[in-house]
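Hi everyone, thanks for having me. I'd like to walk you through one protein model, so let's put it on the screen.

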Amino acid sequence: PAALGTLLGAVLARWLVGRLGPSPDLDPSAYRQAAVVAGGGLLAGLALLGAVAGIRARNATEKPIGRRRSRLAYVPWELVLLGGAVATYLALRRGAAVTVVQNVAQVNLLVVLFPLLFILGGSMLAVRLLTLLLPLLSRRAGRLSPAWYLATRRLTASRVAAVVLLAAAATPVAISVYAAGLTTGSSRTLDAKARLFTGATVSASTNEHLDRSAATDRAGTIVVRYNYGQLDADTPVAFLAVDPASLLRTAYWRPEFASRSFGDLLATLTGPAPGGRVPAIVVDPRHELGPTADIPLGTTTAHVAEVATASLFPGRRLPYPMIIVAASRLGPVDEHAGATYELWTNGPAAPAEAAIQAQDKLLFDTVDQAEIFRAADYLGITWTFGYLTALAGLVGLVSVGALLLYVETRQRSRIASYALGRRMGLSRATHLRSLLAELGLLLGVAYAVGVGLSRLGLGLVHGLLDVDPARPPTPLLVLPVPVLAGAAAAVVVVTVLTSLYAQRVADRTPPAEILRLGS
């Protein structure tokens with residue numbers, strides 16, 4: 001059966017790759033690698049099955065009752081997996097997590113290997129630590145309600161099965177949240193890079209003077225970029241003149257760009273002018289500018305004073321210091337200062353382009369998010385973590401099977417105790433609540449362990465997964481709330497359905513048959 005299953009799995013995998021992509025054409029070496037992996041998996045699976053069967057047979061026929069546990073049971077074997085995860089993570093930090101080959105982002109396979117080792121090892125370690133609480137739970141069971149008493153007694157009576165199920169259930173939750181977190185974070189990061197570069201969703205520009213009009217107001221906001229700003233011969237400066245009111249409605253902003261809100265930041269541009277200078281927001285990570293600066297703009301000079309700072313600001317395109325002022329406070333500027341008029345909009349490009357052309361201005365360029373996305377194609381990332389998500393789904397199905405096996409292995413003793421409990425006044429509702437408590441506690445703890453491990457994994461890896469490191473911001477950590485909610489809903493649904501199934505079996509099975517088999 002194992003050999004036949006391996007063969008059928010290989011054929012199905014080849015068919016799925018051809019039908020679902022990313023391409024039906026495979027490199028010849030892929031077949032050889034797949035054959036080696038499938039063969040190795042078959043041998044490892046047979047060895048594991050043989051080992052488990054041998055141990056169970058020995059325990060059933062040779063192990064004396066009351067014999068002390070082997071010291072090997074106390075060895076934290078999961079530290080081997082965690083050690084491998086540490087080695088993988090260190091190797092990942094020394095290399096590149098993402099490389100771009102012909103404009104396609106490719107993910108280092110260590111990014112896939114690390115979470116598997118870390119999550120499996122972490123789940124086993126967490127379960128080992130949680131087993132230390134089972135004796136305490138057993139001692140306190142007598143103080144609980146009847147439903148919780150029955151649930152805790154069943155859990156503490158089958159510790160090995162319970163903790164194995166807990167580890168098996170925590171793994172798919174952790175892998176799916178990790179994969180979704182990195183995929184969502186990469187997508188949000190690239191979106192932030194694109195919108196920070198353009199200032200908004202779309203930036204249409206002209207080299208001719210652009211006047212504010214009803215059409216430009218409907219589209220978004222006008223930003224004047226002076227391209228030849230220089231603090232000195234060695235320090236170029238990005239100099240932007242903006243309209244604070246319309247910029248607040250249009251520009252892309254994230255709270256981590258500054259220590260204050262965007263509205264408060266822009267309000268400083270229309271506040272008092274220190275020393276008669278023009279109030280300015282300064283973006284200067286390397287501290288090349290002082291509290292005041294005189295920036296030549298053609299034959300005119302902008303005398304500015306810093307009134308606020310930010311780490312990033314919309315429209316940042318080069319790693320230069322940025323100075324942002326209100327256009328109304330700047331005054332006349334030399335027409336040969338190299339100004340580019342940009343119309344930022346969060347709508348489609350056509351209305352912004354039409355607003356520029358309505359003033360008989362020559363449209364110079366239009367930059368949107370799609371252009372930035374094409375510059376750093378991140379489909380490789382979605383493919384990689386899509387695989388991890390599919391793997392999590394498969395492990396989740398295996399975990400559901402493990403849950404049903406757990407219920408079935410306990411069913412005989414469960415029905416016997418249920419039959420005796422019914423004679424002593426135990427109601428069906430109380431028994432059902434005990435099943436919900438037992439399985440809900442197991443799967444709830446598994447969910448919490450899985451979410452905790454995935455959050456640790458995301459915190460370690462997300463900063464390394466930068467598709468386009470030349471453009472800010474750095475990778476964003478995004479928790480995939482839909483996946484978290486979906487996993488929680490799955491836990492609830494599986495708990496309820498499995499409990500109802502166990503209750504139905506208990507009600508339909510004749511107690512005399514179970515008691516006769518038990519005798």
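How many aromatic pairs does the structure hold? Keep in mind that this is a predicted model. The count comes to eight aromatic pairs. I'll show you two of them.

Start with F114 and F118. Their rings are stacked, with 5.5 Å from centre to centre and 15° between the planes. Both residues belong to helix α4, which covers residues 110–131, and they sit four residues apart, about one turn of the helix. Here's a handy bit of background: an α-helix has 3.6 residues a turn, so residues three or four places apart point the same way. As for exposure, F114 is buried, and F118 is buried too.

Now for another kind of pair. W253 and F313 meet edge-to-face: 6.1 Å centre to centre, with 70° between the planes. This pair links distant parts of the chain, 60 residues apart. W253 is in the loop between α9 (244–250) and α10 (262–267), while F313 is in the loop between β10 (300–309) and β11 (322–326).

Why does W253 count as buried? Its relative accessible area is 18%, and the cut-off for buried is under 20%. F313 counts as buried as well, because its relative accessibility is 0%. These two also have company: together with Y252, F257 and F262, W253 and F313 form one aromatic cluster.

One more ring before we move on. R317 lies over the face of F197, at 5.1 Å from the ring centre.

Next up, helix α7, residues 159–198. How far does α7 reach from its first C-alpha to its last? The answer is 58 Å for 40 residues, close to the 58 Å expected at 1.5 Å a residue. This helix is mostly covered, with 29 of its 40 residues buried. Right after α7 comes G199, which has a positive phi, near 95°.

Finally, let's go to the surface. Which residues make the nonpolar surface patch of about 480 Å²? They are L436, V492, V493, V496, L497 and L500. Helix α16, residues 481–508, gives the largest share of that patch, five residues. L497 is in helix α16, and L497 counts as exposed because its relative accessibility is 52%, with the cut-off for exposed being over 50%.

That's my tour, thanks for listening!

Definitions and conventions:
Residues are numbered from 1 along each chain as its sequence is written. This is a predicted model: local features need pLDDT of at least 70, side-chain atom pairs count only at pLDDT 80 or more; totals for chains, interfaces and linings use all residues. Side-chain values use heavy atoms; hydrogens and water are left out. Rings of Phe, Tyr and Trp (its six-membered ring) pair if their centres lie within 6.5 Å; planes under 30 degrees apart count as stacked, over 60 as edge-to-face and the rest as tilted. Helices (H or I, at least four residues) and strands (E, at least two) are DSSP runs, numbered from the N terminus. Buried means under 20% relative accessible area, exposed over 50%, partly exposed in between (1.4 Å probe, protein chains only). A charge sits over a ring if NZ of Lys or CZ of Arg is within 6 Å of the ring centre and within 35 degrees of the ring normal. Patches are made of residues with over 30% relative accessible area and no salt bridge: like charges are joined within 9 Å, nonpolar side chains (Val, Leu, Ile, Met, Phe, Trp, Tyr) within 5 Å. Accessible areas come from the Shrake-Rupley method with a 1.4 Å probe; for residues, only the protein chains shown count as cover. A salt bridge is a side-chain nitrogen of Lys or Arg within 4 Å of a carboxyl oxygen of Asp or Glu. The expected span of a helix is 1.5 Å times one less than its number of residues.
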